[in-house]
Amino acid sequence: MSIPPEEVEAPAADTVLFRASPWRTFGVLFTVLLIAYVAVSPVVALLLGASMDPWWSTLAQAAVIAFLAAGGYALTARSAQRTWIRASSGGLELAAEGSDPVLLAWPDIDHVTWRRDGLRTLLDVTPVDLDRVHPVAGADEGWPVLHDEPDGSPAFTADLTQVWPGPRALRKELARHLPD
């Protein structure tokens, strides 16, 4: 399990923390499932020739099913991931599930890439040189996941799907610190 950001001293006073939020995931999943159930239920009843339930009954069924499904997901290990990213004038700190955090000073970042993998939003951070990556604390778990870019350079990967504030806010923060 990775070290929580509260146990790591921030590199600068102007830090902005982005971290995984099971509550946010629960809320989004609950809302999507509720709307989908309410929208699809009359269509299914029509196709099957069943009688239409009152609107309040359909809404109650949707709420129960959405609550159970979203709650079940929120309690799973996937939902409890410990990804966090902290951006500040001191650099970019990155800790993914099962890793210790690392710090990359802004000049030590070659580039960042956003990509989608199914429903997941991923951030790839490519350092100028791995020797310029600084472990922030501990050395038990190792670095966040590394993968090779098409040009062969290594990049750290962080899953931003459940990060709050969301990936859009992180993109703005990175744009503030990284040169074009």
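Two strands pair if DSSP finds at least two bridges between them; helices (H or I, at least four residues) and strands (E, at least two) are DSSP runs, numbered from the N terminus. The views below show a predicted model, where local features need pLDDT of at least 70, side-chain atom pairs count only at pLDDT 80 or more, and totals for chains, interfaces and linings use all residues. Residues are numbered from 1 along each chain as its sequence is written, and side-chain values use heavy atoms, with hydrogens and water left out.

**View 1. Strand S6 and its two partners.** Start with S5 (109–117) and S6 (120–127), which pair in the antiparallel sense over eight bridges. These strands form a hairpin with two residues between them, and Gly-118 in the turn has a positive phi of about 70°. S6 also runs antiparallel to S9, joined by four bridges. Leu-123 in S6 stands opposite Trp-114, and its bridge partner in S9 is Ala-158. Seven of the eight residues of S6 are buried, meaning under 20% relative accessible area (exposed is over 50%, partly exposed in between; 1.4 Å probe, protein chains only).

**View 2. The largest nonpolar core.** Such a core is a set of buried Ala, Val, Leu, Ile, Met, Phe, Trp, Tyr and Cys residues joined through side-chain atoms within 4.5 Å. This one has 20 residues, and Ile-85, Leu-92, Leu-123, Leu-160, Leu-170 and Leu-174 have the most contacts inside it. Among the elements supplying at least two core residues each are S2 (84–88), S3 (91–95) and helix H3 (167–177). In soluble globular proteins, nonpolar side chains tend to be buried together.

**View 3. Thr-83 in its loop.** Look for Thr-83 between helix H2 (55–74) and S2. Thr-83 counts as buried because its relative accessibility is 3%. Leaving aside residues up to four places away in sequence, Thr-83 touches Phe-18, Arg-19, Glu-97 and Asp-159, among others; contact means heavy atoms within 4.5 Å.

**View 4. Val-40 on helix H1.** Val-40 is found in H1 (residues 22–48). With 44% relative accessibility, Val-40 counts as partly exposed.

**View 5. A cis peptide bond before Pro-165.** The bond from Trp-164 to Pro-165 is cis, with omega near -10°. Pro-165 lies in the loop between strand S10 (163–164) and H3. For context, most residues other than glycine have a negative phi, and most peptide bonds are trans.
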